[in-house]
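Me: Please take a close look at the strand pairing in this model, and at what packs around it. I would like a single connected account, with the cut-offs given as you go.

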Amino acid sequence: MTVVYPLLLAVAVVVTVAAVAGYVALQRRRAAALAAAGFGSLAGGRLRRHLPYALLLAALPVLLVGLARPEAELSVPRVAGTVMLAFDASNSMKADDVTPTRLAAAQQAAARFVEDQPDTVDIGVLAFGDQALVTQAPTDDHTAAIAAINRVSTGGGTSLGQAILVALGTITGRPISADATAGSLGYWPSATIVMFSDGQQTGGPDVEAAAELAAAAGVRVQTVGIGTDRGTTVEVDGYQLGTALDESVLTAVAQTTGGAYHRAGDPAALAGAADSIDLRLTTKKEPVELTAWAAAGALLLLMAGALLGLRWHGRIV
């Protein structure tokens with residue numbers, strides 16, 4: 001524990017010693033006066049006689065210590081850490097089985113998710129198709145994160161594994177390849193990857209291996225499935241391609257990393273899925289001023305002493 005004004009601690013000791021010495025001297029003179037008057041039997045010290053004044057005296061050093069503004073480093077719980085929002089930007093995300101499109105619905109839900117986060121959460125954004133690209137490094141500027149979300153556009157195939165590897169690289173601060181070993185990544189339990197996708201994997205690297213790397217690094221992957229089981233068609237290079245939600249791989253990724261899969265088949269459900277994503281409650285040691293606690297303790301001592309004095313002696317002092 002530290003104090004802002006340490007000199008007041010010395011003052012507290014001197015004043016308290018002086019107050020106690022004065023009280024002891026006063027009681028001795030009172031006892032001597034009673035003995036001289038023939039009331040020596042009333043001069044003995046008893047609990048009821050001294051306790052109210054002891055409580056009042058105890059409040060004095062507590063108040064003075066509070067004025068010294070003591071501080072202590074306490075573990076303060078808070079929602080904090082890093083969240084990487086990974087958006088499937090493949091051609092299938094143009095599908096309109098979720099209004100207005102899968103990608104647009106995901107962007108709307110993600111923006112709402114960002115708005116609900118405290119500024120202790122750093123948020124990054126990446127878009128992935130065949131490759132993955134970080135469009136916003138993790139930042140506490142949530143306006144910048146939302147702007148990056150709104151810039152995501154569709155094109156190409158889908159590599160869920162590449163998205164996880166690039167997100168891990170952003171979290172750890174160095175590139176992560178598919179052949180990385182689990183022990184080389186460090187441990188990042190305050191980081192979370194939130195992946196919005198229809199789950200239609202079209203290329204490597206292996207998504208299960210990437211999920212295992214994330215799990216070894218302590219990074220949970222929360223997955224949000226965008227689309228419907230019935231699906232629809234999208235036009236790609238003049239061809240009509242069928243596309244539907246594939247939940248199996250998204251569920252497996254979430255389970256491997258200790259995260260959860262959230263199904264979102266329509267805009268309302270998608271918004272609800274984003275709201276249900278849990279971030280980790282972490283603790284951080286922060287200096288906390290204890291002045292208010294000292295003042296509260298002194299006030300309780302003063303009140304107790306005053307009430308006992310009134311009840312037992314009919315006066316406070």
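Reply: Among the contacts in the protein chain with a separation of 6 or more, 79% are between residues 24 or more positions apart, a contact being heavy atoms within 4.5 Å. The model is a predicted one, in which local features need pLDDT of at least 70 and side-chain atom pairs count only at pLDDT 80 or more, while totals for chains, interfaces and linings use all residues. Residues are numbered from 1 along each chain as its sequence is written, and side-chain values use heavy atoms, with hydrogens and water left out.

The protein chain has nine helices and eleven strands, taken as DSSP runs numbered from the N terminus (helices H or I, at least four residues; strands E, at least two). Six of the strands form an open sheet of mixed pairing, in the order β5-β4-β3-β6-β7-β10, where two strands pair if DSSP finds at least two bridges between them. At its edges are β5 (132-139) and β10 (261-264), each of which pairs on one side only, and the twist from one strand to the next averages 15 degrees. Within this order, strand β3 (residues 81-88) and strand β6 (residues 191-197) run in the parallel sense and share six bridges, with Thr82 standing opposite Ala191 of β6. Helix α7 (residues 247-257) packs on the sheet and touches β6, β7 (220-226) and β10, its direction making about 160 degrees with that of β7; axes here are lines fitted to C-alpha atoms, for helices over the stretch in contact, and angles run from 0 to 180 degrees between N-to-C directions.

The same two strands, β3 and β6, also hold the partners of an aromatic pair, Phe87 and Phe196. A search of the whole structure finds one such pair, by the rule that rings of Phe, Tyr and Trp (its six-membered ring) pair if their centres lie within 6.5 Å, with planes under 30 degrees apart counted as stacked, over 60 as edge-to-face and the rest as tilted. Phe87 and Phe196 are stacked, at 5.1 Å centre to centre and with 10 degrees between the planes. Because Phe87 lies in β3 and Phe196 in β6, the pair ties together parts that are 109 residues apart in sequence. Both Phe87 and Phe196 are buried, that is, under 20% relative accessible area, where exposed means over 50% and partly exposed in between (1.4 Å probe, protein chains only).

Strands β3 and β6 are also among the elements that give two or more residues to the largest nonpolar core, together with β4 (121-128), α5 (160-172), α6 (207-216) and α7. Such a core is a set of buried Ala, Val, Leu, Ile, Met, Phe, Trp, Tyr and Cys residues joined through side-chain atoms within 4.5 Å. The largest share, eight residues, comes from α5, and of the 30 members, Leu126, Phe128, Ile164, Leu168, Met195 and Val219 touch the most others. Leu126 has contacts with, among others, Phe87, Ala132, Val134 and Ala163, not counting residues up to four places away in sequence. Apart from this core lies another, of 25 residues, including Val83, Ala111, Ile123 and Ala145. Over the whole protein chain, 42% of the 317 residues count as buried.
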